[in-house]
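Work through the exercises below with the model open beside you. Each task is followed by a solution in steps.

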Amino acid sequence: MTTVPLVPLDVDRCSGEQPSSLTIINARLPYPDENLSSKLWRIKCHNGRVRKVSLQTVHTSDIPGEQFVDADGSLLLPSLCHSHIHLDKCFILDRCKVITGHFNEALEVTRHAKTAFPLDLDDLYSRGARLIRESVQYGVTSMRAHVEVDKIVGFSCLDVAQALQRKFEKVCDVQIAVFAQEPLFDAPGDTQPGRNFTLLHEALKRDGINVIGSAPYVEATLEQAKMNIALIMDAAYGSGAHVDFHLDYNLDPSLEPLIYEVISQVKQVGVEGWIDTNGQTYRRITIGHATRLQLFDQEEWQRLAEAIKDLPITFVGLPQSDLYMQGRGDYEKPLGAPRSTLRVPYLLNKYGIEVAMSINNIQNAFTPQGSLDPLTLCSLGVALFQTAAPSDIEALIRSVTLTSKLALGVGESDGKRLFPVSGDAADFVILHGAHSTQSAVLHPSFDRTVIRAGVVVSRKRSSTWLLDD
């Protein structure tokens, strides 16, 4: 056997011919059966898929020249996924003057920062490359990258995103979503969309672009917010694209939840428009934030669960942003702001609604804190959702792996099984030093090996020292 060498992430190195076979040995797998999860396993990968999973034995025969990775008793998980992240407005906190931290201020200072994006494409590229590179080193092999298209930036963010997509295609599937953060309507009384929508619709026609999204809540009126949804749904339906809405981003009980407008629009065009002839979902509708739904009572949740059960809709909670932004009106109350993000384990256990979680932003006015490691959301979730039960730990892991991939429309047929079987995509992260799903969530490993399509694309190792008395 030949051990895969320890090397830093080198995208150019990854772009050449890669071995068609890789074997992972001495790995622990996240089986729900404790008897199986305590054993060591061997995973044979060939041509980007899992060929065979078998118990590791001491006298396993080696094949000369075979590439292998020794997990050394550590846990192997499906690779991580950013189901919602902004590629263009990352790492700009140093150019945003944050005073109150309120949402409207974040919109304004980010809008001001955006004016410089078209003037420095190298900066756009280097910030986006940093986001992708660091994400891969944490174990991310797929992401939905929102890039803004509007009168302020034109196609500059999209041009750079497509260049980054090509650059990193061997190590990460960067799925670009052309996104309108700005209103589609120029003035409150308008019934026809303005230049922002024209640019967005034109961007959707580019090769390789199959996701369109918007933030209906930025429109001046409720009527325009609903027309925003209709315009995006119609554009997606006509081009065969996925839809991604930033929706219901508030905690105001007086505001109408717009999720039902999305459901109505799906049913108006016909559910069959989103499902292929074999009955499999091939286009998805993703709803990011949805903090307004946190105000639902049990009857409202049951109604929503029933309404979406046959629809290709996935909710994505964005806890780092949701908690930072929402509930500021409760600042002086005894308990302060509420826990204003979708309750991942509870919604699954109570209503059967599987929710993804994602990072959203990194170092900007919307989310100044946090890292690009999706597993940190799971650690936060243990305290936020007040559970470390084994089944809930697994739900948290799924939220940043399988459920997030489902939101992108790239998930496998079985979206609940964390352990690999023959035929699965060979996309994994090995968490060195972690021996269980519990340790993976409660104390995520720094040291990681990342595998995409059966090829090692990144390794991260710590180096420590301690002054000896």
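**Exercise 1: Two helices and one partner**

In this predicted model, the axes of helix α11 (residues 344-351) and α13 come within 9 Å and cross at roughly 110°. Task: decide whether α11 and α13 are roughly perpendicular or oblique to each other, and state which residues meet in α11 and α13.

Solution.
- Step 1. Angles of 65 to 115 degrees count as roughly perpendicular.
- Step 2. The crossing angle is roughly 110°, so α11 and α13 are roughly perpendicular to each other.
- Step 3. The crossing of α11 and α13 is right-handed.
- Step 4. From α11, the residues V344, P345, L348 and N349 meet D392, A395, L396, R398 and S399 of α13.
- Step 5. Sorted by class, this contact has five nonpolar, two polar and two charged residues.

**Exercise 2: Another crossing**

Task: find the angle at which the axes of helix α12 (residues 375-384) and helix α13 (residues 390-399) cross, and say whether α12 is oblique or roughly perpendicular to α13.

Solution.
- Step 1. The two axes come within 9 Å and cross at roughly 140°.
- Step 2. This angle makes α12 oblique to α13.
- Step 3. The crossing of α12 and α13 is right-handed.
- Step 4. On the α12 side the contact is made by C378, G381 and V382, and on the α13 side by I393, L396 and I397.
- Step 5. By class, the contact of α12 with α13 has five nonpolar residues, one polar residue and no charged residues.

**Exercise 3: One residue of α12**

Task: determine whether C378 is buried or exposed, and list its contacts beyond four places in sequence.

Solution.
- Step 1. C378 lies in helix α12.
- Step 2. Its relative accessibility is 0%, so C378 counts as buried.
- Step 3. With neighbours within four places in sequence left aside, C378 is in contact with M357, L396, I397, V400 and V441.

**Exercise 4: The buried side of a helix**

Task: state which residues of helix α6 (residues 195-204) are buried, and explain why they are on the same side of α6.

Solution.
- Step 1. The buried residues of α6 are N196, F197, L199, L200, A203 and L204.
- Step 2. Around the axis they cover an arc of only 160°, which is why they lie on the same side of α6.
- Step 3. The buried residues of α6 pack against α5 (156-167), β9 (173-180), β10 (211-214) and α7 (222-239).
- Step 4. Take L200, which is placed in helix α6. L200 has 0% relative accessibility and therefore counts as buried.
- Step 5. Leaving aside neighbours within four places in sequence, the contacts of L200 are V149, V178, F179, A180, L184, I212, G213 and I232.

**Exercise 5: Positive phi**

Task: for N26 and D72, give phi, then decide whether each counts as buried or exposed.

Solution.
- Step 1. N26 has phi near 55°, a positive value in a residue other than glycine.
- Step 2. N26 lies in strand β2 (residues 21-27).
- Step 3. Buried means under 20% relative accessible area. At 19% relative accessibility, N26 therefore counts as buried.
- Step 4. D72 is not a glycine either, and has a positive phi of about 55°.
- Step 5. D72 lies in the loop between β5 (67-70) and β6 (75-78).
- Step 6. Exposed means over 50%. D72 has 61% relative accessibility, so D72 counts as exposed.

Key: Residues are numbered from 1 along each chain as its sequence is written. This is a predicted model: local features need pLDDT of at least 70, side-chain atom pairs count only at pLDDT 80 or more; totals for chains, interfaces and linings use all residues. Side-chain values use heavy atoms; hydrogens and water are left out. Buried means under 20% relative accessible area, exposed over 50%, partly exposed in between (1.4 Å probe, protein chains only). Helices (H or I, at least four residues) and strands (E, at least two) are DSSP runs, numbered from the N terminus. The arc is that of the directions from the helix axis to the C-beta atoms. Contact means heavy atoms within 4.5 Å. Axes are lines fitted to C-alpha atoms, for helices over the stretch in contact, and angles run from 0 to 180 degrees between N-to-C directions. Angles under 35 degrees count as roughly parallel, over 145 as roughly antiparallel, 65 to 115 as roughly perpendicular and the rest as oblique. A crossing is left-handed if the near helix is turned anticlockwise from the far one by less than a right angle, and right-handed if clockwise. Ala, Val, Leu, Ile, Met, Phe, Trp, Tyr, Cys and Pro count as nonpolar, Asp, Glu, Lys and Arg as charged, and the others, Gly among them, as polar.
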